[in-house]
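Thanks for coming. I have one structure to go through today, and I will put it on the screen now.

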Amino acid sequence: MIALDTNVLARALIDDPAAPAQSDAVRKRLARETQLFVPAVVQAELVWVLETAFELNKSEVLALLDHLHVNRAYLLESEPAFTAALTQFRSSAAGFADCLILASARIREAALLTFDRKLGRLPGTQLLAP
């Protein structure tokens, strides 16, 4: 098993027209592996990269996250948190990273204190007013 960096994972999932050689190299290297570990921070960063660098919309991002979720080659760190975050992200205006943070807090049975108004609307948060 190997662990994946955000940029490697992004190029495994989508074709990067600005770096086709990197996309090809990633896919060739990953084809030799049976398990690919995806740390939680990479899960969060991936969405940011997909939205900002590759300008994917939410439905496109969700399709890729769904692929990660069902493809058994990917071993997701804290899969229960990923699953909960994916569900919350799908149905809310909060960002995926915020949903992942909230899911991790819920697993620990901890309320999440936040200034983020979008996130603060979700159950399990406490919106802090300045």
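Let me start with a question: which residues of H2 are buried? This is a predicted model, so please take what follows as computed from that model. The buried residues of H2 are Ser-23, Val-26 and Leu-30. Looking down the axis of H2, you find these buried residues within an arc of 65 degrees, so they line one face of the helix. On the other side of H2 there are Ala-21 and Lys-28, which are exposed. As for what the buried residues of H2 pack against, the partners are strand S1, residues 2–3, then H1, and strand S2, residues 36–38.

Staying with this part of the chain, I turn to charges. The model has five salt bridges, and I will go through some of them.

One of them joins Asp-15 and Arg-27, with the closest N and O atoms 2.5 Å apart. Asp-15 sits in the loop between helix H1 (6–13) and helix H2 (20–30), while Arg-27 is in helix H2 itself, and the two are 12 residues apart. So where do these two stand in terms of exposure? Asp-15 is exposed, because its relative accessible area is 57%. Arg-27 has 30% relative accessibility and so counts as partly exposed.

Next to Asp-15 in the numbering is Asp-16, which forms a salt bridge with Arg-11; there the closest N and O atoms are 2.9 Å apart. Are these two residues buried or exposed? Arg-11 is at 14% relative accessibility, so it counts as buried. Asp-16, at 8%, counts as buried too.

The third salt bridge I want to show is formed by Asp-66 and Arg-90, with 2.6 Å between the closest N and O atoms. Asp-66 lies in helix H4, residues 58–70, and Arg-90 in helix H5, so this pair ties together parts that are 24 residues apart in sequence. Asp-66 is partly exposed, because its relative accessibility is 26%. Arg-90 is also partly exposed, with a relative accessible area of 43%.

That brings us to H5, and to the aromatic rings. How many aromatic pairs are there? The count comes to two.

In one pair, Phe-82 and Phe-96 meet edge-to-face, with 5.7 Å from centre to centre and 65 degrees between the planes. Phe-82 belongs to helix H5 (residues 79–91) and Phe-96 to helix H6 (residues 96–107), so the pair ties together parts that are 14 residues apart in sequence. Phe-82 has 0% relative accessibility and therefore counts as buried. Phe-96 is buried as well, because its relative accessible area is 1%.

The other pair is Phe-89 with Phe-96. This pair is edge-to-face too, at 5.7 Å centre to centre and 80 degrees between the planes. Both Phe-89 and Phe-96 are buried. Ring pairs thus link Phe-82, Phe-89 and Phe-96 into a cluster.

Phe-89 has a charged neighbour as well. Which residue lies over the face of Phe-89? Lys-58 does, at 4.5 Å from the ring centre.

One more residue in this area: Gln-88, also found in helix H5. Gln-88 is buried, because its relative accessible area is 14% and the cut-off for buried is under 20%. What does Gln-88 touch? Leaving aside residues up to four places away in sequence, Gln-88 touches Cys-99, Leu-102, Arg-106 and Leu-122.

Now the overall picture, briefly. The secondary structure comes to seven helices and five strands. Along the sequence, the pattern reads β-α-α-β-α-α-β-α-α-β-α-β.

On dimensions, the C-alpha atoms fill a box of roughly 50 × 30 × 20 Å, taken along the principal axes. The radius of gyration is 16 Å; a compact globule of 130 residues would have one near 14 Å, which agrees.

Of the 130 residues in the chain, 41% are buried. Among contacts between residues at least 6 apart in sequence, 49% join residues at least 24 apart.

To go back over the main points: the buried residues of H2 line one face of that helix. Asp-66 in H4 and Arg-90 in H5 are tied by a salt bridge. The rings of Phe-82, Phe-89 and Phe-96 make up a cluster.

That is what I have; I can take questions.

Terms used. Residues are numbered from 1 along each chain as its sequence is written. This is a predicted model: local features need pLDDT of at least 70, side-chain atom pairs count only at pLDDT 80 or more; totals for chains, interfaces and linings use all residues. Side-chain values use heavy atoms; hydrogens and water are left out. Rings of Phe, Tyr and Trp (its six-membered ring) pair if their centres lie within 6.5 Å; planes under 30 degrees apart count as stacked, over 60 as edge-to-face and the rest as tilted. Helices (H or I, at least four residues) and strands (E, at least two) are DSSP runs, numbered from the N terminus. Buried means under 20% relative accessible area, exposed over 50%, partly exposed in between (1.4 Å probe, protein chains only). A charge sits over a ring if NZ of Lys or CZ of Arg is within 6 Å of the ring centre and within 35 degrees of the ring normal. A salt bridge is a side-chain nitrogen of Lys or Arg within 4 Å of a carboxyl oxygen of Asp or Glu. The arc is that of the directions from the helix axis to the C-beta atoms. Contact means heavy atoms within 4.5 Å. The radius of gyration is taken over C-alpha atoms; the globule rule is 2.2 Å times the number of residues to the power 0.38.
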